[in-house]
Amino acid sequence: MRGGKSAGARWAHGFTLIELLAVVALIIIVLSLVLPVLGKAREAGRFAVCMSNMRQLCLGILNYAPDNNGFFPWAGEVDRNCPQDWVWGGQPRADTENNAYWANPPASFGHHAEAGSIFPYVAQQPIRRNGSGKNGIDETIRTVYPIYRCPSTDILGEALRVNFSMNAFIDSSLNDPEIVGGAVAGPSVYGVALSHVRKLSKKILLVNEDPRTMHNASFYPMGSAGGGGTGTAFDGTPLHVLHHGGINVAFMDGHVMWVSHDEIMNMQKDPSTYFVPTL
């Protein structure tokens with residue numbers, strides 16, 4: 001063949017170093033553009049699942065009330081386990097903060113949805129309280145029920161098994177000496193009636209709490225109220241940021257909305273407006 005090397009001979013030399021570096025640089029640029037978009041898309045999916053789960057829990061709670069003489073379930077406390085508590089279990093703050101427990105939690109770690117009062121209304125299964133633990137809790141049950149989970153809470157959230165907290169002001173037992181400390185409440189003790197709640201659409205029912213402060217499944221505004229320092233604790237640390245810088249919040253009329261960190265912090269400054277159901 002006249003006039004130089006053949007096409008096959010030219011390709012035999014492969015890429016030059018400059019060409020290879022150019023291709024690598026182009027791939028890096030493309031990945032830097034695509035990965036954040038994919039990350040946002042995945043979080044959008046987790047956000048939607050979290051919101052859907054909260055809405056279903058709200059419906060379960062609102063269906064529970066008519067069968068309980070019109071009264072809400074209770075928010076509960078750390079491993080108090082009264083029959084009316086919506087979720088059982090919990091652990092001291094030191095255990096929640098011990099990251100050695102996150103991947104391999106001890107038997108007593110986390111919350112037991114299956115023992116809570118609303119479990120039949122959201123899981124269509126009977127309550128399971130037949131163990132040898134406190135007030136009949138079965139600590140061998142480590143089942144994760146997806147409806148109680150926020151997928152953005154990662155490994156600690158999965159270890160806790162419940163990632164939502166109920167407004168502590170729904171709990172009539174905060175100042176009742178016969179109930180505080182784990183005493184079993186009798187059937188005549190009811191709490192807050194759904195019919196007595198004012199401004200249902202403004203009163204908070206559940207919050208998508210950061211798992212690092214979930215020592216129980218109840219939410220005390222700014223760590224105050226009857227918690228005595230053992231409930232939710234917020235010292236200005238930006239913990240309300242699970243979903244795009246905010247969290248999902250469910251209200252007593254059943255609707256769920258995203259609330260920014262700054263807004264939920266402001267909502268806690270006046271508990272009577274958003275948390276005390278009868279005011």
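Buried, in this report, means under 20% relative accessible area. The model described here is predicted.

**Helix α7**

Helix α7 spans residues 261-268, and its buried residues are H261, I264, M265, M267 and Q268. Around the axis these residues cover an arc of only 160°, so they sit on the same side of α7. An α-helix has 3.6 residues a turn, so residues three or four places apart point the same way. Which elements cover this side? The cover over the buried residues of α7 includes the strands β4 (204-207), β5 (218-219), β6 (246-251) and β7 (256-260). Helix α8 (271-274) is also part of that cover.

**The chain as a whole**

Eight helices and seven strands make up the secondary structure of the protein chain. The chain has 279 residues, and 44% of them are buried. Its accessible surface is about 13,500 Å². Carbon and sulfur atoms hold 60% of that surface. Among contacts with a separation of 6 or more, 68% join residues 24 or more positions apart.

**Three residues in their settings**

The table sets out three residues, each with its location and its relative accessible area.

| Residue | Location | Relative accessible area |
|---|---|---|
| L17 | helix α2 (residues 17-67) | 61%, exposed |
| N99 | loop between α3 (93-96) and α4 (100-103) | 55%, exposed |
| H243 | loop between β5 and β6 | 0%, buried |

Take H243. Is this loop residue buried or exposed? H243 is buried, because its relative accessible area is 0%, under the 20% cut-off. Its side chain makes a polar contact of 3.0 Å with the side chain of N208. Leaving aside residues up to four places away in sequence, H243 touches E43, R46, F47, C50, C150, S152, N208, N248 and W258. N208 thus appears in that list of touching residues and as the polar partner of H243.

L17 is a contrasting case. L17 counts as exposed because its relative accessible area is 61%, over the 50% cut-off. L17 belongs to helix α2. Together with L20, L21, V24 and I28, L17 makes a nonpolar surface patch of about 490 Å².

N99 is exposed too, with a relative accessible area of 55%. N99 lies in the loop between α3 and α4. How far apart are N99 and R212 in sequence and in space? The two are separated by 113 residues in sequence, and their C-alpha atoms are 9.8 Å apart.

Definitions and conventions. Residues are numbered from 1 along each chain as its sequence is written. This is a predicted model: local features need pLDDT of at least 70, side-chain atom pairs count only at pLDDT 80 or more; totals for chains, interfaces and linings use all residues. Side-chain values use heavy atoms; hydrogens and water are left out. Patches are made of residues with over 30% relative accessible area and no salt bridge: like charges are joined within 9 Å, nonpolar side chains (Val, Leu, Ile, Met, Phe, Trp, Tyr) within 5 Å. Accessible areas come from the Shrake-Rupley method with a 1.4 Å probe; for residues, only the protein chains shown count as cover. A salt bridge is a side-chain nitrogen of Lys or Arg within 4 Å of a carboxyl oxygen of Asp or Glu. Helices (H or I, at least four residues) and strands (E, at least two) are DSSP runs, numbered from the N terminus. Buried means under 20% relative accessible area, exposed over 50%, partly exposed in between (1.4 Å probe, protein chains only). Contact means heavy atoms within 4.5 Å. The arc is that of the directions from the helix axis to the C-beta atoms. A polar contact is a pair of N or O atoms within 3.5 Å; within protein, one must be able to donate a hydrogen and the other to accept it, and residues adjacent in sequence count only if both atoms are side-chain atoms.
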